[in-house]
Amino acid sequence: MNNQLINRLNILGLLGITAILATGSVIQLVFHELPCPLCLLQRVGFMMVMFGFMLNILFGPQQPHYGIILFGALFGAAAALRQVSLHLLPNDLGYGSPLLGMHYYTWAFVIFMMTIIGVAALLCLWRPEKNPSNYHVKNMGKLVCYLAVAVVIINIVSTFIMTGPHVTPADPHSYWLLDQFKK
């Protein structure tokens, strides 16, 4: 497979996962639906996937980078599947509002599985470059990496504001740091 196409697919993958993580932040900040501990673990999985894609964009596609993506997707899929299994009983409304008919954690599971399948296909088709020293990062790749880092920072800061140095409550209702200012 053409390495230029693989680079574009890595940029597209990073952009897609960044959009998904940003959607979680928008749901949290705009609709005031705070993430539960399993939601936060899924976000960690997305961040691991993003890190693997970023390594591919910045240093060229390599099998260890795809390994990081696969580990992140497996980790996130396990957390998402656990959360899906908690809400399988009849009349269980789930956690949070549905988005296009499914909850965020169900979407997360589907997307993690699509990531695993997509990366497995890329690994089957990918051939290492003969001269990897010719690899140059394009401006679009850098821009998407900066956007990804910004979304990760937003998630880390919002999680700290929500939980502080404490364990995340099973069903969070407020931001710990903001509650400290109300006292």
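## Cysteines, rings and pockets

The sulfur of Cys-36 lies 3.2 Å from the closest cysteine sulfur, that of Cys-39, which is too far for a bond. The structure is a predicted model, in which local features need pLDDT of at least 70 and side-chain atom pairs count only at pLDDT 80 or more, while totals for chains, interfaces and linings use all residues. Residues are numbered from 1 along each chain as its sequence is written, and side-chain values use heavy atoms, with hydrogens and water left out.

**Exercise 1. Determine how many disulfides a search of the whole structure finds, and state whether Cys-36 is buried or exposed.**

Step 1. A disulfide is a covalent bond between the sulfur atoms of two cysteines. The criterion applied here is a pair of cysteine sulfur atoms within 2.5 Å.

Step 2. The separation of 3.2 Å between the sulfur of Cys-36 and that of Cys-39 is too far for a bond. Across the whole structure, the search yields zero disulfides.

Step 3. For accessibility, buried means under 20% relative accessible area, exposed means over 50%, and partly exposed lies in between (1.4 Å probe, protein chains only). Cys-36 has 5% relative accessibility and therefore counts as buried. Cys-124, at 58%, counts as exposed.

**Exercise 2. Find how many aromatic pairs there are, and describe the pair formed by Phe-46 and Phe-112.**

Step 1. Rings of Phe, Tyr and Trp (its six-membered ring) pair if their centres lie within 6.5 Å; planes under 30 degrees apart are stacked, over 60 edge-to-face, and the rest tilted. The count by this rule is two aromatic pairs.

Step 2. Phe-46 and Phe-112 are stacked, with 4.2 Å from centre to centre and 20 degrees between the planes. This pair links distant parts of the chain, since Phe-46 is in helix α2 and Phe-112 is in helix α4, 66 residues apart. Helices (H or I, at least four residues) are DSSP runs, numbered from the N terminus. Both Phe-46 and Phe-112 are buried.

Step 3. The ring centres of Phe-160 and Trp-176 are 6.2 Å apart and their planes stand at 75 degrees, so this pair is edge-to-face. Phe-160 belongs to helix α5 and Trp-176 to helix α6, so the pair ties together parts that are 16 residues apart in sequence. Phe-160 is partly exposed at 45% relative accessibility, and Trp-176 is partly exposed at 23%.

**Exercise 3. Describe the largest pocket by its volume and by the classes of residue in its lining.**

Step 1. On a 1 Å grid over the protein atoms alone, a pocket is an open set of points where a 1.4 Å probe fits, with protein on both sides within 12 Å along at least five of seven lines; lining residues have an atom within 4 Å of a point. Grid points are joined across faces, edges and corners, and a volume is the space filled by probe spheres set on the points.

Step 2. The volume of the largest pocket is about 300 Å³. It is lined by 13 residues, of which Leu-9, Gly-13, Phe-53, Met-114 and Thr-115 are the closest to its centre.

Step 3. Helices α1 (3–30) and α4 (104–125) each give at least two residues to this lining.

Step 4. Ala, Val, Leu, Ile, Met, Phe, Trp, Tyr, Cys and Pro count as nonpolar, Asp, Glu, Lys and Arg as charged, and the others, Gly among them, as polar. The lining of the largest pocket accordingly holds nine nonpolar, four polar and no charged residues.
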